[in-house]
Amino acid sequence: MWLAARLWHIDPVILLRDVYVVVGAEPYTGLISNIGLLGWCVAATVWSITVYLLHPHRADSRYGLAISAGMITAILLIDDGWMLHEYILPWLTGLDEKVFLAGYALLAIMFAGYALPRILQTDYLLAGIAAGCLAASYLIDIVLPFTPRHTLYEDVAKLSGIIFWVAYALSVFREVAKTQRGRLL
């Protein structure tokens, strides 16, 4: 933290204090976004526990699904929390945000190509709804102009996608936990 403050000439207090205090915002500012971050965190945690439970059974197709889903969830958590594709990565590289959005689309396609056969062996309806909501959020972000109404549509679609993604992660975990009770204790 000290190094970051020195390199970028940032007052260390800004890195330590609560964001609402620093900017003088109301505590409910960004409430939906913060709930989404908690959702990403829950999903990443559930996928990690699922990987742990399946580690002795790596041949189980859900093992690869849990690893890849957990990794992509962690990436989305970090991106969402620090607004990587919106601000940080364009600032660091000089590239437009659209380049990083295209990169995320490619990552989603690669994940779907790898995970789809595995997802179809699980309760895939939740995963499909999550993917549809997150895709809608993505499309709203890149197609529609930035207005309060479109932002509302994008955020509702994204939060819905996150909630369904958490539900899907929990459904896979539940299936795995039924057969791995001894590892939970």
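This report walks through a predicted model of one protein chain, from its overall build to its side-chain pairs.

## Overall build

The protein chain holds 10 helices and 0 strands. Reading along the sequence therefore gives the pattern α-α-α-α-α-α-α-α-α-α, where a helix is a DSSP run of H or I with at least four residues. Along the principal axes, the C-alpha trace spans about 50 × 40 × 30 Å.

How much of the chain is buried? Of its 185 residues, 30% count as buried. The chain exposes about 11600 Å². Carbon and sulfur atoms supply 71% of that area.

Contacts tell us about the fold too. Take the contacts between residues at least 6 apart in sequence. Of these, 69% join residues at least 24 apart.

## Salt bridges

How many salt bridges does a search of the whole structure find? It finds 3. The table lists them with their N to O distances.

| Basic residue | Acidic residue | N to O distance |
|---|---|---|
| Arg62 | Asp60 | 2.7 Å |
| Arg62 | Glu175 | 3.8 Å |
| Lys158 | Asp80 | 2.7 Å |

Start with Lys158 and Asp80, whose side chains meet in a salt bridge. Lys158 lies in helix 9 and Asp80 in helix 5, so this pair ties together parts that are 78 residues apart in sequence. Asp80 is buried, because its relative accessible area is 12% and the cut-off for buried is under 20%.

Now turn to Arg62. This residue forms a salt bridge with Glu175. The pair links distant parts of the chain: Arg62 is in helix 5, Glu175 is in helix 9, and 113 residues separate them. The side chain of Arg62 also meets that of Asp60 in a salt bridge. Salt bridges that share partners thus join Asp60, Arg62 and Glu175 into one network, a salt bridge being a Lys or Arg side-chain nitrogen within 4 Å of an Asp or Glu carboxyl oxygen.

Are the members of this network buried or partly exposed? Arg62 counts as buried, at 15% relative accessibility. Asp60 is partly exposed, at 23%. Glu175 is partly exposed as well, with a relative accessible area of 23%.

## Aromatic rings

A search of the whole structure finds 4 aromatic pairs. One of them is Trp165 with Tyr168. Their ring centres are 5.6 Å apart and their planes stand at 35°, so the pair is tilted. A pair of aromatic rings is described by the distance of the centres and the angle of the planes.

Where do these two residues sit? Both belong to helix 9, which covers residues 148-179. They are 3 residues apart, so about one helical turn separates them. Trp165 is buried, with a relative accessible area of 7%. Tyr168 is buried too, at 0%.

Ring pairs also build something bigger than a pair. They link Trp47, Phe111, Trp165 and Tyr168 into a cluster.

A ring can also meet a charge. The charged end of Arg118 sits over the ring of Tyr114. It is 3.9 Å from the ring centre.

## A nonpolar patch on the surface

Which residues form the nonpolar patch on the surface? They are Trp2, Leu3, Leu7, Trp8, Ile78, Trp82, Met83, Tyr87, Ile88, Trp91 and Leu92. Together they have about 1300 Å² of accessible area.

Three helices each supply at least two residues of the patch: helix 1 (2-7), helix 5 (61-82) and helix 6 (84-93). Helix 6 gives the most, with 4 residues. Met83 is a patch member from the loop between helix 5 and helix 6. At 37% relative accessibility, Met83 counts as partly exposed.

## A residue in helix 6

Leu89 is found in helix 6. At 24% relative accessibility, Leu89 counts as partly exposed. Why is Leu89 not in the patch? Patch residues need over 30% relative accessible area, so Leu89, at 24%, does not qualify.

Which residues does Leu89 touch, leaving aside its neighbours within four places in sequence? Leu89 is in contact with Leu84, Gly94 and Phe100. Arg6 is 83 residues from Leu89 in sequence. In space, the two are 20 Å apart, C-alpha to C-alpha.

Technical notes:
Residues are numbered from 1 along each chain as its sequence is written. This is a predicted model: local features need pLDDT of at least 70, side-chain atom pairs count only at pLDDT 80 or more; totals for chains, interfaces and linings use all residues. Side-chain values use heavy atoms; hydrogens and water are left out. Patches are made of residues with over 30% relative accessible area and no salt bridge: like charges are joined within 9 Å, nonpolar side chains (Val, Leu, Ile, Met, Phe, Trp, Tyr) within 5 Å. Accessible areas come from the Shrake-Rupley method with a 1.4 Å probe; for residues, only the protein chains shown count as cover. Buried means under 20% relative accessible area, exposed over 50%, partly exposed in between (1.4 Å probe, protein chains only). Rings of Phe, Tyr and Trp (its six-membered ring) pair if their centres lie within 6.5 Å; planes under 30 degrees apart count as stacked, over 60 as edge-to-face and the rest as tilted. A charge sits over a ring if NZ of Lys or CZ of Arg is within 6 Å of the ring centre and within 35 degrees of the ring normal. Contact means heavy atoms within 4.5 Å.
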